[in-house]
Amino acid sequence: MNAFQPRTDDMQFILHQVLQAPVQLQALPAHAEADEALMQQVLEEAGKFVGEVVAPLNRKGDEIGAQWKDGAVTMPPGFREAYQAFWQAGWPSLACATEDGGQGLPTVLEAMLYEMLSAANHGWTMAPGLLHGAYECIKHHGSDPLKARYLEKVATGEWLATMCLTEPHAGSDLGLVRTRAVALPNDDEGRYALSGTKIFISGGEHDLTDNIVHLVLARLPDAPPGPKGLSLFLVPKFFQDGARSPVVCEGIEEKMGLHGSPTCVMRFDEAPAWIVGEPGKGLNAMFVMMNAARLHVGLQGIGLLEAAWQKADAYAKERRQMRAPGSSAKAGEADTIEAHPAMRRILDAQRAWIDAGRVVAYRTALELDTLKHHPDAEQRESASRWCSLVTPVLKSAWTDQAFTGASACLQVFGGHGYVREWGIEQHVRDARVAMIYEGTNEIQAIDLLLRKVLPDGAQALLHLLADLIDDLNDEPRNQRARYAIDQLATFTRKQMLPRLQSTSAPADTPHWLADDFLRALALVLMAWAWARIDMADSGDTARWSGAHTGFWRWVWPEFDMRMATMTATLGKT
């Protein structure tokens with residue numbers, strides 16, 4: 001089938017009419033000139049680049065894949081040329097500061113660009129996907145000499161970056177990291193010799209750029225055990241004098257999907273490294289990168305589901321099978337399968353997730369801009385609250401749906417979906433890993449409930465839910481969404497908190513609740529998002545009505561199941 005094509009009209013409707021982004025952004029001094037015309041121009045040009053340059057490489061990336069030989073990785077045909085065109089056109093630097101070589105545009109535009117890229121070619125997009133997080137990490141925690149040497153190269157995307165956390169024995173439990181860094185004696189630059197092995201390193205070795213900047217978690221000799229003993233270090237592939245660092249790619253993983261992205265085993269053999277930030281504060285510095293990555297992974301989920309839906313929708317409009325119930329077709333004629341209720345249900349339910357996901361993700365990106373640039377402290381606090389609570393939900397719920405929804409879209413094809421020529425099975429394979437990396441979805445749920453909700457007695461969450469209700473006027477069409485939001489707030493106040501704050505509650509009770517709680521909050525955010533979509537005048541009722549019905553009829557009922565599960569869990573502990 002044809003390669004993915006971005007549909008920027010839908011994206012811009014949500015950005016401009018549903019979220020009224022220009023009004024919000026122009027309240028920020030840094031983005032006073034970010035009007036609708038500017039953003040439309042950027043998004044349309046981004047859509048052209050993605051559709052014409054990146055999307056056509058997707059199948060080659062999957063079938064040929066990245067190739068490893070003798071420590072070197074060769075990317076699939078066309079990948080290097082596309083990446084060189086990408087950074088030279090300025091796309092990686094959209095939201096970076098102008099003084100660092102960037103364009104200083106709103107974060108939301110960068111978010112929308114990466115949603116399109118992930119939909120078009122997930123494997124290729126993994127390469128630049130960590131750039132903005134690496135840029136922020138170096139900018140806020142790097143020394144002046146490090147920033148002078150590396151910041152602009154990373155900001156512009158001329159050099160790519162990695163995030164080296166995981167080790168063979170230490171996955172999500174970073175407190176078990178063994179990689180060591182020892183101060184180099186008599187080194188004029190105060191460097192360290194870094195030794196250890198890291199695994200699952202996306203883009204650890206490749207031929208896309210002339211240099212790679214590795215950001216690596218390691219321990220100093222006198223560091224205490226556990227996560228508080230970790231420091232962050234920068235190790236380049238090549239030094240300024242052209243010498244290669246003693247960093248070796250020992251191989252790449254043979255994966256279920258993402259064949260176009262090399263997932264590397266990296267060995268550091270006393271590699272000269274600079275510390276980033278303070279000793280023992282490595283996770284603080286790395287968190288800047290990880291949080292940016294989690295937003296991008298949520299966008300990957302939305303993009304991959306959009307790509308799968310596009311294929312399924314196009315197929316359903318062409319494929320004829322049987323007569324649909326109530327068909328007006330002539331005798332002997334078959335209807336297109338989109339006329340059959342079973343197919344309509346699949347397509348409309350996935351569309352509901354995509355559209356609501358965009359509202360939630362774009363709002364999150366706008367809140368990041370507010371957090372960064374708004375002159376009012378109260379507005380920044382509100383933005384921080386949104387980002388803290390919503391980011392784990394976005395990462396988890398929409399990557400879950402990317403996989404299950406892509407599988408549902410494959411069902412639309414029947415037997416043809418299970419063979420490679422139609423391309424839908426690649427989306428299922430590629431989407432699966434997003435549920436695992438940047439913190440598994442179960443870890444996201446634990447983070448949300450145990451670290452974001454319970455420590456302050458759910459005050460931040462209740463404030464967020466109240467804001468969602470206030471955001472919707474009291475028109476009759478919004479009552480269902482307002483009531484849905486209030487249901488979760490009431491449950492939190494009257495059932496969950498009293499039970500969890502009781503001395504008789506087992507310590508593991510919140511852990512049993514976490515997954516259901518995150519999913520319930522995701523559904524509440526979707527209810528709010530669909531109310532916002534309904535309040536906007538699209539001028540195209542047919543485009544949005546099916547997905548609106550899909551949400552309330554086939555997605556929303558899950559909320560009652562999640563609430564019943566949590567109530568039962570609380571009753572048994």
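At what angle do helix α16 and helix α17 pack, and how far apart are their axes? Helix α16 (residues 479–500) and helix α17 (residues 509–535) pack at an angle of about 160°, with axes 9 Å apart. Axes here are lines fitted to C-alpha atoms, for helices over the stretch in contact, and angles run from 0 to 180 degrees between N-to-C directions. Helices (H or I, at least four residues) and strands (E, at least two) are DSSP runs, numbered from the N terminus.

This is a predicted model, in which local features need pLDDT of at least 70, side-chain atom pairs count only at pLDDT 80 or more, and totals for chains, interfaces and linings use all residues. Residues are numbered from 1 along each chain as its sequence is written, and side-chain values use heavy atoms, with hydrogens and water left out.

**Helix packing: α16 with α17**

- The pair is roughly antiparallel. Angles under 35 degrees count as roughly parallel, over 145 as roughly antiparallel, 65 to 115 as roughly perpendicular and the rest as oblique.
- α16 passes α17 in a left-handed crossing. A crossing is left-handed if the near helix is turned anticlockwise from the far one by less than a right angle, and right-handed if clockwise.
- From α16, the contact draws on Ala481, Ala484, Ile485, Leu488, Thr492, Met496 and Leu500. From α17, the residues include Leu513, Phe517, Leu521, Val524 and Trp528. Contact means heavy atoms within 4.5 Å.
- The residues of this α16 and α17 contact divide into 15 nonpolar, two polar and no charged. Ala, Val, Leu, Ile, Met, Phe, Trp, Tyr, Cys and Pro count as nonpolar, Asp, Glu, Lys and Arg as charged, and the others, Gly among them, as polar.

**Helix packing: α14 with α17**

- Helix α14 (residues 441–453) also packs on α17: the axes come within 8 Å and cross at roughly 95°.
- That crossing makes α14 roughly perpendicular to α17.
- α14 contributes Asn441, Glu442, Gln444, Ala445, Ile446, Leu448, Leu449, Leu450 and Val453. The α17 side includes Pro510, His511, Asp515 and Leu518.
- The residues of the contact of α14 with α17 comprise twelve nonpolar, three polar and two charged.

**Helix packing: α10 with α12**

- The axes of α10 and helix α12 (residues 377–412) come within 8 Å and cross at roughly 20°.
- α10 is therefore roughly parallel to α12.
- The crossing of α10 past α12 is left-handed.
- Their contact residues divide into 16 nonpolar, seven polar and two charged.

**His122, Gln300 and Tyr437**

- His122 sits in helix α7 (residues 122–125). His122 is buried, at 1% relative accessible area. Buried means under 20% relative accessible area, exposed over 50%, partly exposed in between (1.4 Å probe, protein chains only).
- Gln300 lies in helix α10 (residues 282–318). Gln300 is also buried, with a relative accessible area of 9%.
- Both side chains reach Tyr437. The side chains of His122 and Tyr437 share a polar contact of 3.2 Å. The side chain of Gln300 makes one with the side chain of Tyr437 at 2.4 Å.
- A polar contact is a pair of N or O atoms within 3.5 Å; within protein, one must be able to donate a hydrogen and the other to accept it, and residues adjacent in sequence count only if both atoms are side-chain atoms.
- Leaving aside neighbours within four places in sequence, His122 touches Asn58, Leu117, Leu258, Gln300, Leu304, Asp430 and Tyr437. On the same basis, Gln300 is in contact with Ser118, His122, Met126, Ala434 and Tyr437.
- His122 and His427 are 305 residues apart along the chain, yet their C-alpha atoms are separated by 8.8 Å.

**Burial in α8 and at His340**

- Eight of the eleven residues of helix α8 (residues 131–141) are buried, so the helix is largely enclosed by the rest of the structure. Among them are His132, Tyr135, Glu136 and Cys137.
- His340 lies in the loop between α10 and α11 (341–373). His340 counts as buried at 12% relative accessibility.
- Beyond neighbours within four places in sequence, His340 is in contact with Gln321, Met322, Arg323, Ala324, Pro325 and Asp335.

**Positive phi outside glycine**

- Asn186 has phi near 55°, a positive value in a residue other than glycine. Asn186 is in the loop between β4 (180–183) and β5 (192–202). Asn186 is exposed, at 80% relative accessibility.
- Glu270 has a positive phi of about 55° and is not a glycine. Glu270 belongs to strand β9 (residues 263–276). Glu270 is exposed, at 57% relative accessibility.
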